[in-house]
Amino acid sequence: MTQADVHNANEVLGRWLNTNHETRGISECTVARDGDGWSVSLVGVGEDGPIQWPTVRATPLTNVEEEAGQRTMALLATFDLGFMRAETHVRLNKGVFVIVLFVTFLDDSGRANYLNREFLYRQP
Amino acid sequence: MSKPQFAQIYDLVETERIRERDIDRGELVGNWINANPDTTSIARLEVFEASGKLQLHAFAASQAGLIDWGTTTTAVFAAGPASRVGAGFTATFDFGAAEARLQAMIMKGLLVLAQFHLFKDDSKRASYFLREYYAKTHDLFSR
């Protein structure tokens, strides 16, 4: 089995929107596939409008065990924005698109490195 | 004080400096056992502090007994950019031909561990992930 054979891979493709309309974090995520390559892009909520994060390559991983009666996949992606780095994974759980972010600040702001989760649904 | 850079407004906070050692790891430290006794992956975790760093000692299941993966240093993450409460950690075990990247978070007393297993050899094995749940062992209920 190769990475191109990841189970139910195409289910994660597309544009996903945060279920929480009042989020102060990630408002949307787009997953795309180009041949055997995968990419993920995020949009953050800004003060005056959306903030487009850079599009990054992602590593697909298959789920070898059923979880909650389903088999799905995950993508690993790291966003390096200079002043911060976000190590993320995304996965589907019964139709809900889950993003988990482990954020490390690389600047001198004194902010704590932290983790966060966001839940998204497929754009209708 | 100038406004810190941010890519999501959630990160727009001003705080006194919070270093990794300032984050309370109390909830993370302990001996954790997999809630699934039939796991084929990590069966037990020991999380402890040494030299100011949070360390992770992992043991994987096998038919012949536990396999000692050894100990690695973790990176600790708080519950938010202005929080001093430890909420999880990341760690990596590098076995040469394969690598296990771990992302752990606390949820209602459980340690939820996302495992990303990446193969670096020519075996053509597909990288895979698992999520497993661990309970902290204690003697509260055995008194």
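## A walk through two all-strand chains

Let's start with chain A: of its 124 residues, 41% count as buried, where buried means that 20 or more other C-beta atoms, placed from the backbone, lie within 10 Å of a residue's own (12 or fewer is exposed, and in between is partly exposed). Keep in mind that this is a predicted model, in which local features need pLDDT of at least 70, side-chain atom pairs count only at pLDDT 80 or more, and totals for chains, interfaces and linings use all residues. Residues are numbered from 1 along each chain as its sequence is written, while chains are lettered from A and ligands numbered from 1 in the order in which they are written. The model scores ipTM 0.91 and pTM 0.92. For chain B the mean pLDDT, the predictor's confidence in each residue from 0 to 100, is 93, and 96% of the residues reach 70 or more.

What is chain A built from? Its secondary structure comes to zero helices and nine strands. Here helices (H or I, at least four residues) and strands (E, at least two) are DSSP runs, numbered from the N terminus. A good place to get your bearings is strand S1 (residues 14-18) of chain A, which pairs with strand S2 (residues 26-34) of chain A in the antiparallel sense over four bridges; strands pair when DSSP finds at least two bridges between them. Look for Trp16(A), whose bridge partner in S2(A) is Cys29(A). S1(A) also runs antiparallel to strand S9 (residues 114-122) of chain A, joined to it by three bridges. There, Asn18(A) has Leu120(A) as its bridge partner.

Cys29(A) turns up again in the largest nonpolar core, a set of buried Ala, Val, Leu, Ile, Met, Phe, Trp, Tyr and Cys residues joined through C-beta atoms within 7 Å. This core has 62 residues, and those touching the most other members are Cys29(A), Val40(A), Leu75(A), Val90(A), Leu115(A) and Phe77(B). Strand S8(A) gives the most to it, with seven residues. Zoom in on Val90(A) and, leaving out residues up to four places away in sequence, you'll find that it touches Val12(A), Cys29(A), Val40(A), Ala74(A), Leu75(A), Phe97(A), Val98(A) and Ile99(A).

Now for the place where the chains meet. 38 residues of chain A are in contact with 37 residues of chain B, contact meaning that the C-beta atoms, placed from the backbone, lie within 7 Å. Which strand supplies the largest share of chain A's side? That is S5(A), with four residues. By class, this side has 18 nonpolar, 12 polar and eight charged residues; Ala, Val, Leu, Ile, Met, Phe, Trp, Tyr, Cys and Pro count as nonpolar, Asp, Glu, Lys and Arg as charged, and the others, Gly among them, as polar. S5(A) also pairs across the chains: two bridges join it to strand S9 (residues 128-136) of chain B, and the two run parallel. In that pairing, Thr62(A) has Tyr128(B) as its bridge partner.

Over in chain B, there are zero helices and nine strands, and buried residues make up 31% of its 143 residues. The C-alpha trace spans about 60 × 50 × 30 Å along its principal axes. One spot to visit is Pro81(B), in the loop between strand S5 (75-78) and strand S6 (86-94) of chain B. Why does Pro81(B) count as buried? Because 25 other C-beta atoms lie within 10 Å of Pro81(B). Not counting residues up to four places away in sequence, Pro81(B) touches Arg111(A), Ala112(A), Tyr114(A), Asp11(B) and Val13(B).

Conventions. Two residues are in contact if their C-beta atoms, placed from the backbone, lie within 7 Å.
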